[in-house]
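Here are my notes on this one, as promised. Have a look at the model first, then read on.

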Amino acid sequence: MENVIEMTTRRVRAEDKRIINNKAVDVNQLVPIKYTWAWEYYLDACANHWMPQEVSMQRDIEQWKSGMFTEDEERVIKRVLGFFTTADTLVANNLVLAVYKHISAPECRQYLLRQAFEEAIHTHSYQYIPQSLGMDEGEMYNMYREVPSIHAKDEFEARLTVDLLRPDFETESFEGRQKLLDNLIGYSAIMEGIFFYSSFVMLLSFGRTNRLPGTCEQTQYILRDESMHLNFGLDLINAIKEENPDIWTSEFREQAVAKIRQGVKLEIQFGTDCLPNGLLGLTHQMIDDYIKYVADRRLEKLGLPKQYETRNPFPWMSEIIDLRKEKNFFETRVTEYRTGGTLEWD
Ligand code: FE
């Protein structure tokens, strides 16, 4: 039997590395680094480390129990949190079980491992928030099976995972490489890039009126992480395109645009469902415009034609996305992550 790790004096050269199908070169040697951008994402993501339980939920609990929220406000808060309780788990499972195996450049895997942990932190947040507020957990965790507008989005995503999970799935063939790209577009551009963003806007709007401060502080950290997941995902797609120009056919591009348009439609349905009457200076028309605005940004970054040309009705979202590590956007409390230096040894 051959050795699993081949004995050889042939060394890995950076220029031979590939994002996918790198197995022929080596999947274990991070160095020599070729994809420095992926390594940078990993370092930046680590610098943003945070944990949900560091954020106090005290004021949120008082507010939630005080009866200060109208029925419409409670509806949007619960729908958005209900969507999120299972959303990051779907992303994490797709990442770890379906995608990771096929992204074979160690630099990219290093970031994907960090991202997978962040998805777990986000799932933790969406457990911590409803539990702190005393929401009905059965109701929250089952929304993706029981609320049609949430089910439709998750069903759309989950379908993209099915083919990659088949035991015979591979990324050597033309079809296999296109399928992988299709999955990445579905999760990075649509799930993390569109579905998440309109929910962030709806939730963060409460923070702008000093409501649900703990929930909104966590949401800001999640948004900061997610804007990296999204950008890494799009950079990854572009890098695969560059190394595999044959798969970026005009037919595939048209399908990608159609898929993003389909995602926009599903998200508009969800926005209308969350905000049937409008509140907090938010109308579902503004949410529609925002969904289309972010969709155009994703299309643009992928080198695909913009479809909507709407204006961003929430310029404050961009400020939050640029949030520095030291500062909370709504208050100015410093939330510095405790590093190993504070550990005490007996
Ligand atoms: Fe994510």
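The points below cover a helix, some salt bridges and two surface patches.

1. Some ground rules: this is a predicted model, where local features need pLDDT of at least 70, side-chain atom pairs count only at pLDDT 80 or more, and totals for chains, interfaces and linings use all residues. Numbering runs from 1 along each chain as its sequence is written, and side-chain values use heavy atoms, with hydrogens and water left out.

2. Helix H9 (residues 213-243; helices are DSSP runs of H or I, at least four residues, numbered from the N terminus) should span 45 Å for its 31 residues at 1.5 Å a residue, and its end C-alpha atoms are indeed 45 Å apart. The expected span is 1.5 Å times one less than the number of residues. Of those 31 residues, 27 are buried, so H9 is largely enclosed by the rest of the structure. Buried means under 20% relative accessible area, exposed over 50%, partly exposed in between (1.4 Å probe, protein chains only).

3. Salt bridges (a side-chain nitrogen of Lys or Arg within 4 Å of a carboxyl oxygen of Asp or Glu) come to 19. In one of them, Glu155 and Arg159 have their closest N and O atoms 2.6 Å apart; they sit four residues apart in helix H7, about one helical turn. Arg297, Glu300, Lys306 and Glu309 are joined into one network by bridges that share partners.

4. On the surface, Asp168, Glu170, Glu172 and Glu175 form a negative patch (residues with over 30% relative accessible area and no salt bridge, like charges joined within 9 Å, nonpolar side chains (Val, Leu, Ile, Met, Phe, Trp, Tyr) within 5 Å). Charges are placed at CG of Asp or CD of Glu, both types counting as negative. Asp168 lies in the loop between H7 (148-165) and H8 (174-207) and is exposed at 61%.

5. Val96, Leu97 and Leu165 make a nonpolar patch of about 290 Å² accessible area together (Shrake-Rupley, 1.4 Å probe; for residues, only the protein chains shown count as cover).

Technical notes:
Helix = DSSP H or I, 4+ residues; strand = E, 2+ residues; numbered from the N terminus.
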